[in-house]
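Please examine the sequence and the structure shown here. The paragraphs that follow consider aromatic rings and nonpolar cores in turn.

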Amino acid sequence: MGTHSYTLRELAEIVGGEVVGDGDVVINGVAGIKEAEPGHITFVANSRYAEFLPATLASAVIGGHDLSPVKPLIRAANPYFAYLQVLSLFAADHAVVYPRGVHPLAAVHPGAVLGANVSVGPFCEVADGATLGDNTTLLCGTFVGRGTRLGADCLVYPNVTIREDCRIGDRVILHPGVVVGSDGFGYAHNGTAHHKVPQIGCVVIEDDVEIGANTCVDRATTGATVIHRGTKIDNLVQIAHNVVVGEHGVVAAQTGVSGSAEIGDRVVIGGQVGVVGHISIGDGVTVAARSGVTKSLEPGITVSGYPARDHALARRVIAYTAMLPALFERVKMLEKRLNELEKGGAHDTSAEDNR
């Protein structure tokens, strides 16, 4: 249990919801519907989880306007977002406080510029001309290259590499193992060997971007690879050279975006998606998991499959594909019957000629 507590009525006021039942129930923690204990509040955003409500030990629930009040309830227009707001209230009980200042085992070049109240952990290296904004935190083993600039309030987890001349905005979170500014995959073949194309561009990551563990964002050949503000990228994603990702998008794990692709604002890309290079994905597009995007997509559509196509059509293709074995057997049967009819027809013609 945490040190904070609220009545259900207080939480409802914070999230803009409606209390159904006892508003004086005291809440001192949050948990999932199966893991919750007395004193916890949980949530139901998907109706299929409503069946677990009678058995949950939670003292209260956040749900939609159609949820039956099995327990004291906060009804909210967006239950998941309301749950996020409540979870944030209790997050301070679990927050890790990192010591400020430069650790004795860190290597900070005299030409680096450090803002106020920064934290540079052990075995970090901050190169000549690098800049760290106010309140930015580098945890152990992080490398910040020459001339790279990080904004204020950034959190960089252990073993992150940010190479030279990159530009990172405010409140950016980089999880362990992220690589920003690695060389783009560019080679020219002269008939006998592959020759490396110099990658002299940079990476620009705007404010409020979060990048998951072991994701790579390659630097541009020339110009910049850009991740616009508010976008969230999952673990194990590859963003190639000269890609532009729009604002407030979501890219799930194991997705690969090839060079010079342009992704619009508010695009949602599921896991294990492949995007070919030099195409554009319009604003508001949703790409279902394991899709292969082979051509440009107009704004606002939902696509799936390989090659990615309108989701309704892709579902029909999948359904018809599942019917292929039965269809094959049916064709074989029809061919057999046709052969039998043809043989019979030939025999009848011969008998008639004999007469």
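**Aromatic rings and nonpolar cores**

In this predicted model, Y49 is partly exposed, because its relative accessibility is 34% and that class lies between the limits of 20% and 50%. F52 also counts as partly exposed, with a relative accessibility of 27%.

The structure holds five aromatic pairs. A pair of aromatic rings is described by the distance of the centres and the angle of the planes. For F43 and Y80 the ring centres are 5.5 Å apart and the planes meet at 50°, so this pair is tilted, since tilted pairs have angles between 30 and 60 degrees. The pair connects distant parts of the chain: F43 belongs to strand 5 (residues 40-44), Y80 belongs to helix 2 (residues 79-90), and the two are 37 residues apart. Y49 and F52 form a tilted aromatic pair as well, with 6.1 Å from centre to centre and 40° between the planes. Ring pairs also join F43, Y80 and Y83 into a cluster.

Attention may now turn to the nonpolar cores. In soluble globular proteins, nonpolar side chains tend to be buried together. The largest nonpolar core in this model comprises 49 residues, and those with the most contacts inside it are L138, L150, I162, L174, I205 and V293. Apart from this core lies another, of 17 residues, which includes L8, V25, I27 and I62.

What is L150 in contact with, leaving aside its neighbours within four places in sequence? Its contacts are T131, L132, G133, T136, L138, V144, V156, I162 and I168.

Conventions
Residues numbered from 1 in each chain as written. Predicted model: local features only at pLDDT ≥ 70, side-chain atom pairs only at ≥ 80, totals over all residues. Heavy atoms only, no water. Core = buried A, V, L, I, M, F, W, Y, C linked by side-chain atoms within 4.5 Å. Buried < 20%, exposed > 50% of the residue type's maximum accessible area, 1.4 Å probe, protein only. Contact = heavy atoms within 4.5 Å. Phe/Tyr/Trp six-rings, centres within 6.5 Å; stacked < 30°, edge-to-face > 60°. Helix = DSSP H or I, 4+ residues; strand = E, 2+ residues; numbered from the N terminus.
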